[in-house]
Amino acid sequence: MAKTWTILGLESSCDDTSAALLRMGAGTPPDVLALVTIGQDELHADFGGVVPEIAARAHAEKLDVCVSDALAAAGLNLSAVDGIAVTAGPGLIGGVISGVMCAKGLAVGTGKPFVGVNHLAGHALSPQLTEEVPFPYLMLLVSGGHCQFLIVHAPDRFTRLGGTIDDAPGEAFDKTARLLALPQPGGPQVEQTAQVGDPVRYAFPRPLLDRPGCDMSFSGLKTALLRTRDAVMAERGGLTRADRADLCAGFQAAMCDVLAEKTRRALAECTRRGVPVSALAVAGGVAANQSIRAALEGVAAEAETRFVAPPLRYCTDNAAMIAYAGGLLLMDGHRDGMDLSARPRWPLDRDSAPMLGSGKKGAKA
Ligand code: KG4
Ligand code: ZN
């Protein structure tokens with residue numbers, strides 16, 4: 001009988017401290033035994049964004065709490081763990097170091113093997129946590145720190161077809177919320193406010209749609225929102241509830257159009273390259289947005305391609321996806337040593353051109 005592995009996963013690359021226990025084996029669907037995540041929204045609320053030093057300290061304080069709570073929830077102790085997987089980048093370096101140091105300590109203390117995992121690989125493989133999604137598939141990763149199209153060929157082989165050249169969509173949602181005096185994180189607030197808004201009252205740009213390829217840009221959209229808001233305020237001395245709703249709806253409609261059209265192109269590019277993708281999968285916090293999800297689902301249907309979106313707890317930053325990605329590596333014989341270092345930048349596709357800019361959640365991969 002194939003061996004089943006119990007993997008302890010750790011995630012601390014941004015503003016969520018997370019530990020998970022996952023049971024997996026060749027030919028067996030992964031089983032998440034426990035997932036404990038402690039967010040940091042309150043710690044950063046006064047600063048309008050994630051403060052790296054505050055994040056790193058909170059991770060260092062909360063990682064062992066998450067690990068012991070996850071073990072308790074699964075009814076296991078450390079001796080039952082067969083391997084440890086930890087996010088080793090890309091991300092905010094202080095947080096990544098906190099996780100890597102915690103994993104090294106656990107590995108030394110227990111004598112268990114451990115492996116560093118690319119956070120983006122965790123997201124890219126997350127659809128397989130709950131559904132059978134055969135390789136290769138196309139992944140659109142849309143979060144507060146990242147935005148890219150990846151062909152996922154295998155647990156450690158990815159082709160990047162394009163991505164944002166400046167801000168990530170989540171950053172643009174958060175900035176929009178800030179400009180309209182809505183609370184953080186902004187994505188859900190903007191989505192909710194947009195529900196009663198008119199998406200065509202204000203015309204927002206659809207950046208880079210006039211250029212071929214799958215690259216995207218969202219900083220201009222953010223600036224357009226600022227200018228429109230200022231114009232409305234100058235004209236009327238303030239924003240009504242309807243103005244706010246219309247601004248949110250217009251912004252969200254532009255975001256949907258850009259993501260949908262670029263996804264159409266990414267699917268066409270897979271066909272052009274002769275890569276028969278089994279599905280279009282989406283992950284990252286922005287994938288929670290129902291309008292964006294519906295737009296992407298529509299694109300998949302047009303292309304007669306299966307659409308897969310993991311449940312929200314596996315879409316946003318979480319340690320279950322890291323345990324799964326690391327478990328695949330461990331089962332394949334990969335091991336890291338005490339010389340494993342934390343990497344602020346770590347592109348998944350070594351052949352792709354480096355990205356420009358640095359998002360609020362660290363350097364873009
Ligand atoms: O994946 P995630 O939890 O963390 C990383 O960025 O890695 O994503 C968080 C981002 C935030 O920018 C948040 O505003 C955005 O996802 N977000 C949304 C929604 N829910 C979360 N954006 C648009 N609509 C939503 N419903
Ligand atoms: Zn993430």
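The legends below describe an overview and several close-up views of a predicted model.

Residues are numbered from 1 along each chain as its sequence is written, while chains are lettered from A and ligands numbered from 1 in the order in which they are written. Because the model is predicted, local features need pLDDT of at least 70 and side-chain atom pairs count only at pLDDT 80 or more, whereas totals for chains, interfaces and linings use all residues; side-chain values use heavy atoms, with hydrogens and water left out.

**Figure 1. Overview of the protein chain.**
The protein chain has eleven helices and twelve strands; helices (H or I, at least four residues) and strands (E, at least two) are DSSP runs, numbered from the N terminus. The C-alpha trace spans about 65 × 50 × 35 Å along its principal axes. The radius of gyration of the protein chain is 20 Å, in agreement with the value near 21 Å for a compact globule of 365 residues. This radius is taken over C-alpha atoms, and the globule rule is 2.2 Å times the number of residues to the power 0.38. Of the 365 residues, 57% count as buried. Buried means under 20% relative accessible area, exposed means over 50%, and partly exposed lies in between (1.4 Å probe, protein chains only).

**Figure 2. Contacts, surface and charges of the protein chain.**
Contact means heavy atoms within 4.5 Å. Among contacts between residues at least 6 apart in sequence, 72% join residues at least 24 apart. The accessible surface comes to about 14900 Å², and carbon and sulfur atoms account for 53% of this area. Accessible areas come from the Shrake-Rupley method with a 1.4 Å probe; for residues, only the protein chains shown count as cover. The 34 positive and 39 negative charges have mean positions 3 Å apart. Lys and Arg count as positive and Asp and Glu as negative, with His and the chain ends not counted; each charge is placed at NZ of Lys, CZ of Arg, CG of Asp or CD of Glu.

**Figure 3. Close-up of the zinc ion (ligand 2)**.
Which residues coordinate the zinc ion (ligand 2)? The donors are H119 (NE2), H123 (NE2) and D317 (OD), at 2.1 to 2.2 Å. Donors are N, O and S atoms within 2.8 Å of the metal (3.2 Å for Na, K and Ca), and water is not among the atoms, so sites may look incomplete. Along the chain the donors follow the spacing H-x3-H-x193-D. H123 lies in helix α4 (residues 119-125) and D317 in the loop between α10 (312-315) and α11 (319-331), so this pair ties together parts that are 194 residues apart in sequence. H123 is buried at 1% relative accessible area, and D317 is buried at 17%.

**Figure 4. Close-up of the loop between β4 and α3**.
G89 and P90 are joined by a cis peptide bond with omega about -15°. P90 is in the loop between β4 (83-89) and α3 (93-110). L92 is also placed in the loop between β4 and α3 and counts as buried, with 9% relative accessibility. From the C-alpha atom of L92 to that of F114, 22 residues apart along the chain, the separation is 21 Å.

**Figure 5. Close-up of the loops on either side of α6**.
A cis peptide bond with omega about -10° joins Q184 and P185. P185 lies in the loop between α5 (169-179) and α6 (186-194). A181 is found in the loop between α5 and α6; its phi is near 60°, a positive value in a residue other than glycine. L208, in the loop between α6 and α7 (219-236), has a positive phi near 65°. Are A181 and L208 buried or exposed? A181 counts as exposed at 64% relative accessibility, whereas L208 counts as buried at 12%.

**Figure 6. Close-up of A283 and R293**.
A283 is in strand β9 (residues 279-283) and is buried, with a relative accessible area of 0%. Not counting residues up to four places away in sequence, A283 touches H123, S126, M139, L140, L141, V142 and C315. Among these, H123 is also a donor to the zinc ion (ligand 2). A283 and K62, 221 residues apart in sequence, are 25 Å apart C-alpha to C-alpha. R293 lies in helix α9 (residues 290-302) and counts as buried at 19% relative accessibility. With the exclusion of residues up to four places away in sequence, R293 touches A287, A288, F307, A309, P310 and C315. The C-alpha atoms of R293 and V282, eleven residues apart along the chain, are 8.3 Å apart.
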